[in-house]
Amino acid sequence: MIKRLVLVSALAGLMCLQVGSAQADFHFESVGVQLTGADQNFSRQAGGHPDLTFSFAAAYDANAVIGGEPSPGPAEAAHAIDLDLPPGLVGNPVGLATCDPVDLGIPARGGAKCPPASQIGIARVVTQGAGTESHKVGIYNIAHGPDVPARFGFNVLNVVNLVDARVRPGDYGISSGSLALSQAEAVVSAKITFWGVPADPSHDGDRQKLTETEIPGPFDGPRPDPFSTEVTRAPFLSSPTSCSTAPVAFTARGDSWEHIGAFDTRSLTTEPDGTPFAFDGCERLPFRPSIDVLPLSQAADAPTGLNVDLKVPQASDPDGFATAHVRRVVMRFPQGMSVSPSSAAGLGACAPAEIGLGTNAAPACPNASKLGKVTIDTPLLPDPLTGDVILAKQNDNPFRSLLALYIAVKGPGFYVKLPGKIDLDQITGQLTATFDNTPQLPFSRMLVEFPGGSQAALATPTTCGTYNTHVDITSWASNTPVALDSPMTINQDCAAKAFAPSFTAGTTNPIAGQYSPFVFTLTRSDGMPFLQRVETSLPKGMLADISKVPQCDPGPANAGFCPAASRIGTVAAQSGPGGQPLSLTGGVYLTGPYKDAPFGLSIAVPTAGQAGPFDLGVVTVRAGLYVDRKDAHVTVKSDPLPTIIQGIPLRLRQVRITIDREKFLFNPTSCEKQSIFGSFGALGGATSDQKFAFQPGGCKALDLRETFKFKLRGSRSTKDGTSPSLEAAVTQAPGGTNLAKVEAKLPLALVLEPKNAQALCKPEQAAKFSCPKTSIVGSVTARSVLPHDLKGPVYFVEGRRVTKTGRVVSTLPNLWIPLSGDGVTIDLNAKSQVDSIDRLVTTFSEIPDAPIKSVNLKINGGKHGILVVAGKSTCKRDMTFDLRITGQNGDVETKTAKPTIDGCKKAKKAAAKKR
C-alpha cells in the first residue's frame, strides 16, 4: 500500500524539420543514460542523489537532397521521445521554485525568463540549420495543473520543449518525455541533465539567468560569472532503495512524425562505458517506520471501525541517503478481533475488470464495495493522495482468496491500485492483512480509516483487556522486517454476562388437538458466550404427522440440499454484533434416522445472496428427533452450532425456527399446564436450562371418538377350561381427544391363569427392556402418525407390590407391550387385578397423548393361553366387556361391548339343525 509519486526523468523536447527519408522510420543513432555523483562517475549508492543525464542522437542523413539542394540532417523528424526510469528512481519537485509557463517562452527574445531558483538542470541541444549549432539552455521546474504530477521545460531558439512526468501503471515507476515535439527545428542530438541537488554549488557555473540587459539565448560552457541560488540545498533525484547484483533498466523510446507509433525502443542496463546500473549500500539507508492501530470502539463484543496510521519519516539531507521504500506490510490483528458478520448486509464487492489493476483507468467499483478511506502523504507531491479501501470479489481476486482488499488512490494524472490479501485463521478467526511488493515510491504517512457504527467491518474481542496488533514492515533495502507492536485497550461494557439467552416457544394457534405452526426463538445478547448447543423437549402430545412427508436422504441432508417436498419449516438466523446483525433465512427439512434418533432435521441456511457479496456455502446443522418411549414426547437435539465459518466467527445472536408445514404439527389434546424445556450450551462449556410455559385451550370441545371390538377365537373357545385367544380392536375417529386411560373389565367367564404361561418376565428384566421370549403371550399392531405400523409383543410380567412394612408380595401378573416401528419404541403397560365380584380388570394407564388410528391386540390362546374359560359355555353366559375410558382432556366415558365368539356360531348352527 504505498503511494508513489512522481519523479522526473528528462528527455529532450525537440523538433525536427523533415529533411528526407532515407529509412523506413525513426531510430536512434545513439542513446545513453548516466547517473553520476560528485566525482562524475557512476553513483552506485542506493538512495543517493546523483545527477541523471539522458542523451540521444537521431539517425543522420548527410547525403539528403530536398528540392535538388543538398540538405543534410536527421533522417526523420522526431515526434516523441520518452524515457522509462527504473522503479524506485524518483524526483521530488516539491519545495522547488517554479517557473510560470509564460516566462519559459518569451516572444521575440528566444530565451527563458524563469527564476534561477527554479532551474533543475541543463539541456545541450544540437540543431540543424545552415549548419549544426550547439545550444546550452537551462531546464526549469514548470508550474502545472492538477492532472500532471510534474512538468519541466526548456527553451531552444524560442521553441519551448515541455517534459511531463507520468506514473506508470503496473510497476509505478516514473516515465517522462516530450510526446509531441515541435517540427520547427531539426534536432540532431540532445543531452539532458537533471541535477540530483539543484541548489548545490557545483552547478553554479551552469545556472542561467535572464535580465532586462542580458542578451537572451543560449550559453555555452561555464558562466564567466557563476552564481548560486539562495534556496536551501535539498535533494531532487533519489536512486532506487533496493540492491541487487542484477542491473535495473532504463527504457528509451522514440518515433517520428512520418511514422507515428513506430517506436525505436532501447533497453539500457549499463552506462556508456559498460558500468551496469546495479546499486549497493542498502544497509546504510534509514528506515524507522511506526504504526498505530486503534479501534473506534472500546466496548467488548461490539462492531468497530479502525484507524491504521503508518508513518515512515523521510530523510531530506542532500548529503545523506533517501529513506528506504516500504515493500511489504504484514499486520496481524489480536486474536478476538474479527470480521463482523453485521457488515455484510448491503455490502458489495469489486471485480477485477472494475478495479483495473495494471491500468491507469479510474476504478469502476460499486460504492457498496468501499470499506474505508485512505490518505497518503508523499514528499513527491504537494497534496495528499486520497482514495478508498475496496472489498475485492470473493475468489475472483489476485489471491483467489475469500477476502482481499484493494487500496485505490488518485494522484495527478494517475491512479495507484494495490491489492492486499486477508488471511483468516480457520479456528480463531484471527485476521492477518498482507500488502506485498508495494510500489518503490516514498510516503511519509498512510492513514487508513474504516468507519464505525453498527455495520462496521470489524468486531472487538468479547472480553476487556489490552490487546496487541503485531506489524512486520519490510523495506526494499532489506529482507529483515521491522517488528512493531500497537496495543489497543478494550475497557467498556466489561461486566461479564452470564450465559442466559432468552427463550420463547409455542404454537401460534394453541387450541387443543388443532394443527398449528410452531415457533422457537433463542436470542443471545452481545457480551454473552457464543451459542453452541440447542436441545429442546416439546410438551407431551405436541406431535407431528410425518406419515405423508418424504424424508430427505442423508447425503443431501448433510449438504443442505434437501428437496422442497421434505420441507417442514423455516429458519431465520441473526449473526454479528451491534444493533443491526446480519439476517439470513433457510429451510427446515425432515430426514430419516440420524445418529441414534429415529428421525432428524436438516436445518439449511444458504449464504449466497444473503451475506452481501459472500458465498460461504450452505450452513447446515443436523438435529436428531428423539421420541420418549414412555409418554412419546419429542426431544430435538442439535449438533454443535457452527461458531465460525471459513474463518469468520458467526457471533450468532438469534435462531428462530418455524415449523409451518400445512397439517403437520398439532397441539396436545390435554389442557394441563406443561412446559417446553430448553437446554442450551455455550462455547466454553456454560449451560442454561430453561422452561417456557405452554397450555392449550379448548379441551372441553373435544369428545371421545373411540370404537372397541372384541373377538374370542378358537374352535374350542366356548368350553370350560379351554384357552381362547382374545382379539381387541380399537379405532379412533379424527377430531376428538386422545386416550389417556382404558379400564376393561372382562366377563366372569374369562379368568387369568398365569400358570399356563411358559414363563414370567421378572420386573427387573422388564426395567431393562430384556424380557425373555418365553414370556410373550400376545402381540399388538398400532397405526398412528408414523409412516409405518408400530408392532410389538405382549410380555407377561410378574406382579409385585411393596407393603407399608416393606415386605414384597406377589400380585397378579401385568402386561408390558413395547411397540416399535420406524425406529420409535413406545411402552404400554397394563395392570391386572380382580374386582369385588372376581371379574378380571385390565387397566392401561399413562397412554401417550397421541392420535391412534387403530390398535389391534391379540392375547394368544391354546396350550399357553393365559385366559381360560371358567364354568358353562361362553355361548350361554353374559360375555359383556365393560369399559371405562378416560380422555386426555379428562372426559370419562363408559361403554360395553359384546365379543364375537367363534365357537358360539357353530353351536348355534348345530342346535338349529337338531331342532
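**View 1. T607 in a loop of the predicted model.**
This close-up of a predicted model starts at T607, a residue in the loop between β38 (599-606) and β39 (618-627). Is T607 buried or exposed? Its relative accessible area is 4%, and a residue under 20% is called buried, so T607 is buried. Look next at the polar contacts of the T607 side chain: one goes to the backbone nitrogen of L616 at 2.7 Å, and another goes to the backbone oxygen of G617, also at 2.7 Å. Leaving out residues up to four places away in sequence, T607 touches L584, F614, D615, L616, G617 and V619.

**View 2. The largest nonpolar core.**
Here we turn to the largest nonpolar core, which has 195 residues. Which of its residues touch the most other members? They are F154, F250, F518 and F520. Strand β26 (residues 414-424) gives the most to this core, contributing five residues. A second core, separate from this one, has eight residues, and I355, C365, A392 and A404 are among them. As background, nonpolar side chains tend to be buried together in soluble globular proteins.

**View 3. The surroundings of F520.**
F520 is one of the residues that touch the most other members of the largest nonpolar core. What is F520 in contact with, once its neighbours within four places in sequence are set aside? The list includes F503, T504 and A505, then V534 and T536. Further along the chain numbering, F520 also contacts V655, R656, I657 and F680.

**View 4. The disulfide of C552 and C562.**
How many disulfides does the structure hold? There are eight, and this view shows the one formed by C552 and C562, with sulfur atoms 2.1 Å apart. The link is left-handed, with -90° about the S-S bond. The two cysteines are ten residues apart and link distant parts of the chain. C552 sits in the loop between β35 (543-544) and α3 (554-559), while C562 sits in the loop between α3 and β36 (567-575). Both C552 and C562 are buried.

**View 5. The disulfide of C671 and C699.**
In this view C671 and C699 form a disulfide, and their sulfur atoms lie 1.8 Å apart. The torsion about the S-S bond is about 100°, so this disulfide is right-handed. Where in the chain are the two partners? C671 belongs to the loop between β44 (665-666) and β45 (674-682), and C699 belongs to the loop between β46 (687-694) and β47 (706-713). With 28 residues from one to the other, the pair links distant parts of the chain. Both C671 and C699 are buried.

**View 6. The disulfide of C875 and C904.**
A disulfide with an S to S distance of 1.9 Å joins C875 to C904. Its torsion about the S-S bond is about -110°, so the disulfide is left-handed. C875 lies in the loop between β57 (867-869) and β58 (881-887), and C904 lies in helix α5 (residues 902-914). The pair links distant parts of the chain, 29 residues apart. The relative accessible area of C875 is 29%, so C875 is partly exposed. C904, at 9%, is buried.

**View 7. Strand β24 and its two partners.**
Strand β24 (residues 385-391) is mostly covered, with six of its seven residues buried. It pairs with strand β23 (residues 370-377) in the antiparallel sense over six bridges. To find your place in that pairing, look for K370, whose bridge partner in β24 is I390. β24 also pairs with strand β25 (residues 403-411), again antiparallel and over six bridges. A good place to look here is G387, whose bridge partner in β25 is V409.

**View 8. A three-stranded open sheet.**
What is the order of the strands in this open sheet of three? It runs β19-β29-β22, with antiparallel pairing. β19 (303-304) and β22 (338-339) stand at the edges; each has a single partner strand, so one side of each is left without a neighbour in the sheet. Two bridges join β22 to the antiparallel strand β29 (residues 458-459). You can follow this pairing from V339, whose bridge partner in β29 is L458.

Key: Residues are numbered from 1 along each chain as its sequence is written. This is a predicted model: local features need pLDDT of at least 70, side-chain atom pairs count only at pLDDT 80 or more; totals for chains, interfaces and linings use all residues. Side-chain values use heavy atoms; hydrogens and water are left out. A nonpolar core is a set of buried Ala, Val, Leu, Ile, Met, Phe, Trp, Tyr and Cys residues joined through side-chain atoms within 4.5 Å. Buried means under 20% relative accessible area, exposed over 50%, partly exposed in between (1.4 Å probe, protein chains only). Helices (H or I, at least four residues) and strands (E, at least two) are DSSP runs, numbered from the N terminus. Contact means heavy atoms within 4.5 Å. A disulfide is a pair of cysteine sulfur atoms within 2.5 Å. Two strands pair if DSSP finds at least two bridges between them. A polar contact is a pair of N or O atoms within 3.5 Å; within protein, one must be able to donate a hydrogen and the other to accept it, and residues adjacent in sequence count only if both atoms are side-chain atoms.
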